[in-house]
Amino acid sequence: MNTEKITARRLSLEEVTKLDMKDRIFVSADTAELKLPDCYVPAFLTKPGEHFEGGSITARTVFQEEVSCLPDDENEAGIYLADENGPVTIEVLQSAGVVLDLALFVPGGDKGSLTALYAAARQAFGADIVQIWRQGLKEVPDVKVDIFEEQIPRGRKASDSPKRDRRAIDTYPTRADFIEFSAGWKPVVEIHKPIVDDTPTI
């Protein structure tokens, strides 16, 4: 496990309320997914501390996890700030790297081009460093589509013409797989229809 020891001090609730969202703090790495009770991770408040109105403080870690805690609760790990003259030394979990979740279009998409793509990545970042954790290959049709999000009808009396918003015009319909649609809306993919301007010209 890659960790670093840093000198820090625990913040009181009053000190936390003076922090901004840009202030780097350290919160416990002990989460539901990762049990590390004696380790901390870098984090930032999700809203300025001055907006604290009671209850717990919420921070988002550099690993995009939200953690809630009560700074003044002695039974909790608390919130720490790096301080060269701090009274304690804490163990901080370091990042191992970044997992990229990309949608890459490889023209032709044959085995040779994919092998060349992976070889180039390994050459750039070091042999055996780049690991393919998940690989989903999908052939894409050469067709232009319009992608909408359409409101999901509720109740028995559904409207004949449900409300819809255009999200994208894209050559490949697989783009809908990577768009986050609003709650209560569903994706609709249709063959692209060019917009014709019938405005008379002089």
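**A hairpin, a core and two pockets**

Hi everyone, let's start at a turn: in the hairpin of E4 and E5, four residues sit between the strands, and one residue there, Gln-64, takes a positive phi near 65°. Before I go on, please keep in mind that this is a predicted model.

Now follow the two strands away from that turn. E4 covers residues 57-61, and E5 covers residues 66-69. They pair in the antiparallel sense, over four bridges. If you want a place to look, find Arg-60, which stands opposite Glu-66 in E5.

E4 has another partner as well. Strand E3, residues 40-45, pairs with E4 in the antiparallel sense over three bridges. Here, Leu-45 stands opposite Ala-59 in E4.

So which side chains of E4 are buried, and which are not? They alternate along the strand. Ile-57, Ala-59 and Thr-61 point to one face and are buried. Thr-58 and Arg-60 point to the other face and are not buried.

That brings us to the inside. In soluble globular proteins, nonpolar side chains tend to be buried together. Here, the largest nonpolar core has 17 residues, and the ones touching the most other members are Ile-25, Val-27, Leu-45, Ala-59 and Ile-79. Strands E2, E3, E4 and E5 each supply at least two residues of this core, and the largest share, three residues, comes from E3.

Let's zoom in on Val-27. Leaving aside neighbours within four places in sequence, Val-27 is in contact with residues including Tyr-40, Val-41, Ala-59, Val-67 and Ile-79. Apart from the largest core lies another one, of seven residues, among them Phe-26, Tyr-40, Ile-90 and Val-92.

Last stop: the empty spaces. Rolling a probe the size of a water molecule over the atoms shows where empty space is left. The largest pocket has a volume of about 1,800 Å³. Its lining is made of 38 residues, and Leu-100, Asp-101, Leu-102, Leu-104 and Arg-134 lie nearest its centre. Which element gives the most to that lining? That would be helix H2, residues 111-125, with five residues. By class, the lining of this pocket divides into 23 nonpolar, eight polar and seven charged residues.

The second largest pocket holds about 220 Å³ of space. Among the residues lining it are Met-1, Glu-33, Phe-63, Glu-65 and Leu-93. Five of its lining residues are nonpolar, three are polar and two are charged.

That's my tour, thanks for listening!

How values were computed. Residues numbered from 1 in each chain as written. Predicted model: local features only at pLDDT ≥ 70, side-chain atom pairs only at ≥ 80, totals over all residues. Heavy atoms only, no water. 1 Å grid on protein atoms, 1.4 Å probe; cavity = no way out; pocket = protein on both sides within 12 Å on 5 of 7 lines; lining within 4 Å. Points joined across faces, edges and corners; volume = space filled by probe spheres on them. Nonpolar A, V, L, I, M, F, W, Y, C, P; charged D, E, K, R; others polar. Buried < 20%, exposed > 50% of the residue type's maximum accessible area, 1.4 Å probe, protein only. Pairing = 2+ DSSP bridges. Core = buried A, V, L, I, M, F, W, Y, C linked by side-chain atoms within 4.5 Å. Contact = heavy atoms within 4.5 Å.
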